[in-house]
Amino acid sequence: MNPNQLKSINGYNNNMSLLQLLQKLQEERIIAFCKSDYRNGYQEYDTSQFFAPFYIEFFNGEGWLIFASTSIRNDRMNNQQWNSFHIRKLAPNITKAYLTMPDEIVENQREYQSAKSYNKKIDDHKMYSSIDGVFTQSQLIDAIIRYSEHLSSSKTSSEDVVCEPSAPYGTSISGSKVQL
């Protein structure tokens, strides 16, 4: 197999792993809805122009976009930013968009540092971003669970939940404070 085929298989496996985790959250009624291959677009154009690998919805109707990747590459990130920006503009119930990386990213120092650096630019407002943060899969699942529990105990929006760096869950890949 050539390197591109291996990357494709790795990406597919990453997406399938995340889909299974999200479906489990739906079965456990932590989230109301999970959809893979989420598409949206402007009525006067192609209504499926913009794409996110995953969309989840909480029981209060609030939605999150989830982009999955095995690496941080500028061309891929720009595409995900573009899609996130327009989908969020089209669907006001979508309050957050996150990029998730496989948990194994921490074993690859180059990719892990790249992910941390990208997330730090988001956290420090060094670039405009329609993506709210970068998580490993485990961190994302923990953040979803924490937010769902918060919704169960109150009636506030995601703007009111802040995850501190010391929290074992809900902390971004860079370890900095992330507002969910």
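**Figure 1. Tyr42 and its ring partner in the predicted model.** Tyr42 is buried, with 18% relative accessible area, because buried means under 20%. The model shown here and in the views that follow is predicted. Phe50 is also counted as buried, at a relative accessibility of 1%. The structure holds 10 aromatic pairs. In the pair formed by Tyr42 and Phe50, the ring centres are 5.8 Å apart and the planes stand at 90°, so the contact is edge-to-face.

**Figure 2. The stacked pair of Trp64 and Tyr147.** A pair of aromatic rings is described by the distance of the centres and the angle of the planes. For Trp64 and Tyr147 the centres are 5.5 Å apart and the planes are at 25°, so this pair is stacked. Trp64 belongs to strand S3 (residues 63-68) and Tyr147 to helix H4 (residues 137-153), so the pair ties together parts that are 83 residues apart in sequence. Trp64 and Tyr147 are both buried. Ring pairs join Trp64 and Tyr147 with Phe58, Tyr98 and Phe135 into a cluster.

**Figure 3. Overall arrangement of helices and strands.** The protein has 4 helices and 7 strands. Along the sequence, their order is α-β-β-β-α-β-α-β-α-β-β. The protein consists of 180 residues, and 44% of them count as buried. Among contacts with a separation of 6 or more, 62% are between residues 24 or more positions apart. The exposed area is about 9,600 Å², and carbon and sulfur atoms supply 48% of it.

**Figure 4. The largest nonpolar core, with Leu65 and Leu99.** In soluble globular proteins, nonpolar side chains tend to be buried together. The largest nonpolar core here has 22 residues, and Leu65 and Leu99 touch the most other members. At least two residues of this core come from each of strand S2 (50-57), S3, helix H2 (74-90), strand S4 (94-101) and helix H3 (109-123). Leaving out residues up to four places away in sequence, Leu65 touches Tyr38, Ala52, Phe54, Tyr55, Ser84, Ile87, Arg88, Ile94, Lys96, Ala97 and Tyr98. A second core, separate from this one, contains 21 residues, including Leu18, Leu25, Phe58 and Ile141.

**Figure 5. Surroundings of Ile31 in the loop between H1 and S1.** Ile31 is located in the loop that runs between H1 and strand S1 (33-40). Its relative accessible area is 1%, so Ile31 is buried. Apart from residues up to four places away in sequence, Ile31 touches Leu22, Leu25, Gln26, Ile56, Glu57, Phe58, Phe59 and Ile144. The C-alpha atoms of Ile31 and Gly63 are 9.7 Å apart, while the two residues are 32 residues apart in sequence.

**Figure 6. The largest pocket and its lining.** Rolling a probe the size of a water molecule over the atoms shows where empty space is left. In this model the largest pocket holds about 630 Å³ of space. Its lining is made up of 25 residues, and Lys7, Ser69, Thr70, Ser71 and Arg76 are those nearest the pocket centre. Helix H1 (3-27), S2, S3, H2 and H3 each contribute at least two residues to the lining. The contribution of H1, 7 residues, is the most.

**Figure 7. Glu111 and its contacts.** Glu111 is placed in helix H3. With 11% relative accessibility, Glu111 counts as buried. Outside its neighbours within four places in sequence, Glu111 is in contact with Thr70, Ser71, Ile72 and Ile105. Thr70 and Ser71 are also among the residues nearest the centre of the largest pocket.

**Figure 8. Arg29 and Asp37, two residues with positive phi.** Arg29 has a phi near 60°, a positive value in a residue other than glycine. Arg29 lies in the loop between H1 and S1, and at 59% relative accessibility it counts as exposed. For Asp37, phi is likewise positive and near 60°, again in a residue other than glycine. Asp37 is part of strand S1. The relative accessibility of Asp37 is 40%, so this residue counts as partly exposed.

Methods:
Residues numbered from 1 in each chain as written. Predicted model: local features only at pLDDT ≥ 70, side-chain atom pairs only at ≥ 80, totals over all residues. Heavy atoms only, no water. Phe/Tyr/Trp six-rings, centres within 6.5 Å; stacked < 30°, edge-to-face > 60°. Buried < 20%, exposed > 50% of the residue type's maximum accessible area, 1.4 Å probe, protein only. Contact = heavy atoms within 4.5 Å. Areas by Shrake-Rupley, 256 points an atom, 1.4 Å probe, with all protein chains shown as cover. Core = buried A, V, L, I, M, F, W, Y, C linked by side-chain atoms within 4.5 Å. 1 Å grid on protein atoms, 1.4 Å probe; cavity = no way out; pocket = protein on both sides within 12 Å on 5 of 7 lines; lining within 4 Å. Points joined across faces, edges and corners; volume = space filled by probe spheres on them.
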